There are 2 protein chains.
Amino acid sequence: MNGADALIQTLADNGVEACFANPGTSEMQFVAALDREPRMRAVLCLFEGVATGAADGYGRMTGKPAATLLHLGPGYANGGANLHNARRAGTPVVNVIGDHATYHRQYDAPLNSDIAAWAKANSNWVGSAETADQVGDLTAQAVAASFGPPGGCASLILPADSAWTETDKRGPQITVPPRPVPTKAVIIEAAARLKAAKQPVILIGGTACGEAGLAAAGRLKAAGVRVLIDTFVARQARGAGRFLPDRMLYFGEMAIKDLAGSDLMVLVETALPVSFFAYPDMPSVLVPEGCAVETLADKAKDGVATLIALADAMDAPASGDLTVLDLPDAPKGELNAYTIGDSIARHMPDHAVISDDAVTAGLPIYTQTARARAHEWLMLTGGAIGQGIPVAIGAAIACPERKVLSLNGDGAAMYTVQGLWTMVREDLDVTVVVFANHAYRILNIEFARTGSGRPGPAARALLDLGSPRIDWVALASGMGMKAVSCDTAEAFDAAMAEAMTQKGPRMIVAALA
Amino acid sequence: MNGADALIQTLADNGVEACFANPGTSEMQFVAALDREPRMRAVLCLFEGVATGAADGYGRMTGKPAATLLHLGPGYANGGANLHNARRAGTPVVNVIGDHATYHRQYDAPLNSDIAAWAKANSNWVGSAETADQVGDLTAQAVAASFGPPGGCASLILPADSAWTETDKRGPQITVPPRPVPTKAVIIEAAARLKAAKQPVILIGGTACGEAGLAAAGRLKAAGVRVLIDTFVARQARGAGRFLPDRMLYFGEMAIKDLAGSDLMVLVETALPVSFFAYPDMPSVLVPEGCAVETLADKAKDGVATLIALADAMDAPASGDLTVLDLPDAPKGELNAYTIGDSIARHMPDHAVISDDAVTAGLPIYTQTARARAHEWLMLTGGAIGQGIPVAIGAAIACPERKVLSLNGDGAAMYTVQGLWTMVREDLDVTVVVFANHAYRILNIEFARTGSGRPGPAARALLDLGSPRIDWVALASGMGMKAVSCDTAEAFDAAMAEAMTQKGPRMIVAALA
């Protein structure tokens with residue numbers, strides 16, 4: 001057993017059984033060790049941003065970390081944006097970052113860089129195995145640290161000599177302690193305040209937006225508390241049989257208007273709601289005047305247990321209003337995000353998973369699918385576009401029996417377009433939808449909001465993707481993925497109907513402009 | 001004038017006239033200001049790694065920085081790998097990284113991260129303009145810092161409110177001081193030692209590998225000193241009329257064998273030569289036993305002036321042996337890196353620029369083109385693949401009158417494949433060659449060298465790109481680029497002949513397997 005074996009075996013012993021990888025020379029020992037540890041499934045990604053986003057999607061669906069395998073500092077940097085999203089999602093991820101042999105670092109060879117500094121800015125934990133004997137223990141520490149709470153990235157730097165040197169030290173099996181819950185007294189006091197408020201609101205995030213948390217939240221709604229979720233959550237349980245919360249609005253002035261009259265806001269597994277961006281003369285904090293804010297459970301706490309305890313303390317009914325299945329009619333005519341949403345709602349099967357990186361198209365589809373079959377919605381938690389394809393890969397590997405939909409703005413899809421290849425290679429059951437409006441459309445909206453006036457020709461050119469037009473069918477077929485382009489609601493509906501009844505990777509291009 | 005205007009005007013005043021951009025909401029003021037500053041050419045890239053690599057290529061060809069425009073921490077991370085390569089190349093680059101408004105940072109909105117920590121690990125200089133009035137001065141500082149010496153990345157963080165707030169403070173014009181040169185006494189002593197040595201070697205890097213530096217190096221060769229350049233240099237002047245140095249070999253044991261008998265190694269604008277990676281029981285330092293090493297000029301010094309002074313001090317002849325044009329015959333039969341090299345040598349016009357990210361195919365092409373028409377060779381300085389397409393973009397924008405060839409391994413090309421779109425959009429005169437061997441072939445070689453034995457099925461799968469096969473003609477055409485695939489030497493030669501006589505972007509796929 002060498003250090004690489006100690007690493008992979010310790011990962012597998014701790015339930016880390018998927019590794020999204022783009023290795024280089026310094027990681028060859030890890031690659032070799034894969035043939036000696038059948039519990040680990042290695043998935044090749046042609047760019048590290050695909051690997052890290054896939055680990056995020058896997059972690060969101062399983063609640064446990066996948067590993068990534070990254071090639072020194074540049075490999076980490078390439079994966080950094082989707083690790084940012086993963087951190088914001090609270091997703092456990094274990095990064096294994098190869099490094100030069102310990103004795104070789106001093107010479108500052110071309111690939112040398114300060115890996116720890118890069119990783120630290122975005123990690124729960126950073127460690128470097130300076131000897132093979134340290135690898136096992138540090139691996140176990142990394143897995144433990146990835147759980148937080150809240151969950152996040154743990155980054156283990158693995159020098160090449162620590163990987164190739166013999167060792168007999170495998171790491172321990174860790175146990176993940178339960179997340180803390182507010183004390184009974186705190187819960188009772190919060191319940192009393194919510195009861196006393198005229199227009200109380202509870203804002204929830206994190207793991208509390210899963211099925212169990214929302215079920216408890218639905219009881220609170222029945223007890224008179226308005227329930228909102230954060231604008232962007234890692235994973236929301238939605239559709240038939242689930243409680244349907246409101247969602248904090250994206251634009252600050254609209255959010256504050258929506259909350260007008262609220263006199264108490266209780267936070268569960270989230271923080272003070274703030275505007276996604278600042279704009280001149282617009283509020284940063286999304287709390288209306290006169291509304292008190294109370295953090296009942298921060299992001300490290302168990303939001304699900306908190307909500308259940310709170311519902312009990314409020315004598316809330318045993319269950320709240322649950323969504324009744326209500327599928328839209330077949331859409332006709334113009335293809336737009338609403339008719340697309342109708343088609344998705346009509347056809348997606350029970351327990352589908354949606355990886356949403358659709359930017360402007362995402363919200364209409366979100367609203368149109370509210371009463372569809374039960375599904376999970378994975379959101380862009382950190383604002384770094386290029387998540388939709390990778391997260392879908394990870395979700396599909398985590399849940400091979402579920403249909404995965406990857407919804408992508410065309411600008412976002414280009415960021416990590418290499419992920420299509422991995423979907424084909426692994427024959428994943430993912431339907432990729434690309435919204436081809438040939439623009440960074442969100443920026444056309446944001447431009448005016450930042451007080452920048454009307455864009456001139458130079459500015460317009462930087463928001464436009466139309467010259468040349470990207471032929472998404474050609475791009476997909478170049479990576480072996482079948483694809484169809486649709487420019488009417490009827491054509492899209494037919495393509496979605498077919499995609500949802502067949503297995504395997506495919507793309508539907510929504511030709512919106 | 002607002003802070004964004006102050007920034008762009010100060011850049012343009014200091015000769016920074018190209019900006020490779022992928023902006024988001026926090027950068028909209030910068031985008032708006034482009035319409036008020038016609039000196040600045042903004043080039044949209046669909047991924048930040050393309051933007052940063054393009055800035056590297058631009059800087060290598062002009063000797064002055066381009067700007068990048070990046071969207072907060074994740075935008076910087078996406079560009080980080082090619083900035084690593086730029087730093088290793090000593091290329092001046094000015095990164096403009098948008099940030100949240102200063103007063104908004106405290107709320108830790110989703111896109112918030114420690115931008116400075118990420119940038120610092122890879123920058124000559126990091127600054128943040130906390131007010132609009134600071135923008136101009138800091139911009140001038142950033143430009144100055146990008147020149148080093150040695151050149152590198154300067155990263156200016158621009159909070160949104162510093163961009164949108166009015167100011168009347170434009171930054172100063174900076175002057176770049178000349179790089180230091182060793183004193184005359186040091187030069188004379190080095191000359192004496194080189195004369196006294198039995199088998200002296202001079203190893204040069206950085207800007208000394210351009211035309212003027214190599215001309216002086218050729219004189220040293222004529223005076224009896226063996227001349228080598230670093231394995232990977234930012235830019236080498238090659239071909240007819242230039243002095244042809246040796247190149248430090250990539251694999252350490254071969255390099256040491258090649259240098260056997262050398263008793264003195266003098267370093268000019270470089271550092272102690274070391275192995276690219278460490279391997280078990282292989283040397284890290286590429287200096288044979290008994291060979292003294294002397295740093296005459298480190299990377300911050302003016303290598304060109306040093307070499308000229310040294311040649312004078314050695315009474316070297318006025319000029320050394322210069323390469324005589326010697327074009328190969330038309331290649332026939334099997335398509336491989338050697339026949340491809342012959343075709344490139346035959347057809348590339350005078351003053352072509354080669355952006356080399358071809359990994360295993362690169363070296364044979366390098367050798368075959370040694371006696372071609374005068375050209376510049378831009379190498380992968382930092383080992384982070386995905387440079388070949390972006391650097392070609394920047395070179396083509398810097399030198400619109402020159403033909404640019406972008407040579408890419410298929411694995412490397414996938415990293416920043418989005419750059420094809422920018423080539424088409426800007427109608428750049430770039431011929432992209434993709435070596436489609438459907439494998440990370442270098443890793444098949446490195447695997448054994450790291451002592452990993454023979455790869456099993458799991459390991460082999462991580463080195464293979466053949467399932468599915470990437471259809472490069474389809475990928476290129478999806479981004480509006482014409483492309484042709486060739487599987488014989490004759491077909492490739494015909495395609496190269498056509499590409500070299502016509503303007504505009506195109507791809508030639510070398511179907512090697």
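1. To read helix pairs here, take each axis as a line fitted to the C-alpha atoms, for helices over the stretch in contact, with angles running from 0 to 180 degrees between N-to-C directions. On that footing, helix α8 (residues 184-196) of chain A packs against helix α11 (residues 303-313) of chain A at an angle of about 60°, and the two axes are 9 Å apart. Bear in mind throughout that this is a predicted model.

2. Staying with that pair: α8(A) and α11(A) are therefore oblique to each other. The crossing of α8(A) past α11(A) is right-handed. From α8(A) the contact uses A:I187, A:I188, A:A190 and A:A191, while α11(A) supplies A:A309, A:L310 and A:A313. By class, that contact has seven nonpolar residues, no polar ones and no charged ones.

3. Now the overall build of chain A. Its secondary structure comes to 20 helices and 18 strands. The radius of gyration of chain A is 23 Å, close to the 24 Å that the globule rule gives for 513 residues, so chain A is as compact as a globular protein of that length. Its C-alpha atoms fill a box of roughly 65 × 60 × 45 Å along the principal axes.

4. How much of chain A is buried? Buried residues make up 65% of its 513 residues. As for how the chain contacts itself, take the contacts between residues at least 6 apart in sequence: 81% of these join residues at least 24 apart.

5. Next, the contact between the two chains. Chain A puts in 87 residues and chain B puts in 87 residues. On the side of chain A that touches chain B, helix α4 (residues 72-89) of chain A gives the most, with eight residues. That side of chain A has 52 nonpolar, 27 polar and eight charged residues by class.

6. A second helix pair, this time in chain B. Helix α12 (residues 337-347) of chain B and helix α20 (residues 489-501) of chain B pack at an angle of about 25°, with axes 9 Å apart. Angles under 35 degrees count as roughly parallel, and α12(B) and α20(B) are therefore roughly parallel to each other. Their crossing is right-handed.

7. Which residues make the contact of α12(B) with α20(B)? On α12(B) they are B:T339, B:I340, B:S343, B:I344 and B:H347, and on α20(B) they are B:A489, B:F492, B:D493, B:M496, B:A497 and B:M500. Sorted by class, this contact has seven nonpolar, three polar and one charged residues.

8. If you want a covered helix to look at, try helix α14 (residues 388-398) of chain B, where eleven of its eleven residues are buried. Among the buried residues of α14(B) are B:G388, B:P390, B:G394 and B:A398.

9. Have a look at α17 of chain B as well. Its buried residues are B:R441, B:I442, B:L443, B:E446 and B:F447. What covers the buried residues of α17(B) includes α2 (28-34) of chain A, together with α18 of chain B. After α17(B) comes B:G451, with a positive phi near 80°.

10. The loop between α17 (441-449) and α18 (457-463) of chain B also holds B:G456. Buried, exposed or partly exposed: which is B:G456? With 14 C-beta neighbours inside 10 Å, B:G456 counts as partly exposed. Its C-alpha atom is separated by 36 Å from that of B:L378, and these two residues are 78 apart along the chain.

11. A few backbone spots to check by eye. Most residues other than glycine have a negative phi, and most peptide bonds are trans. The peptide bond from A:P149 to A:P150 is cis, with omega near -5°. You'll find A:P150 in the loop between α6 (132-146) and β6 (153-159) of chain A. In chain B, a cis peptide bond with omega about 0° joins B:S467 and B:P468. B:P468 sits in the loop between α18 and α19 (472-478) of chain B.

12. Two aspartates in chain A are worth a click too. A:D281 is not a glycine, yet it has a positive phi of about 60°. It lies in the loop between β11 (264-268) and β12 (292-297) of chain A, and with 7 C-beta neighbours inside 10 Å, A:D281 counts as exposed. A:D427 has a positive phi near 50°. Look for A:D427 in the loop between α16 (419-425) and β16 (430-436) of chain A; A:D427 is exposed, with 12 other C-beta atoms within 10 Å.

Methods. Residues numbered from 1 in each chain as written. Chains lettered and ligands numbered in written order. Predicted model: local features only at pLDDT ≥ 70, side-chain atom pairs only at ≥ 80, totals over all residues. Helix = DSSP H or I, 4+ residues; strand = E, 2+ residues; numbered from the N terminus. Rg over C-alpha atoms; globule rule 2.2 N^0.38 Å. Buried ≥ 20, exposed ≤ 12 C-beta atoms within 10 Å, placed from the backbone. Contact = placed C-beta atoms within 7 Å. Nonpolar A, V, L, I, M, F, W, Y, C, P; charged D, E, K, R; others polar. Parallel < 35°, antiparallel > 145°, perpendicular 65-115°, else oblique. Left-handed = near helix turned anticlockwise from the far one by under 90°.
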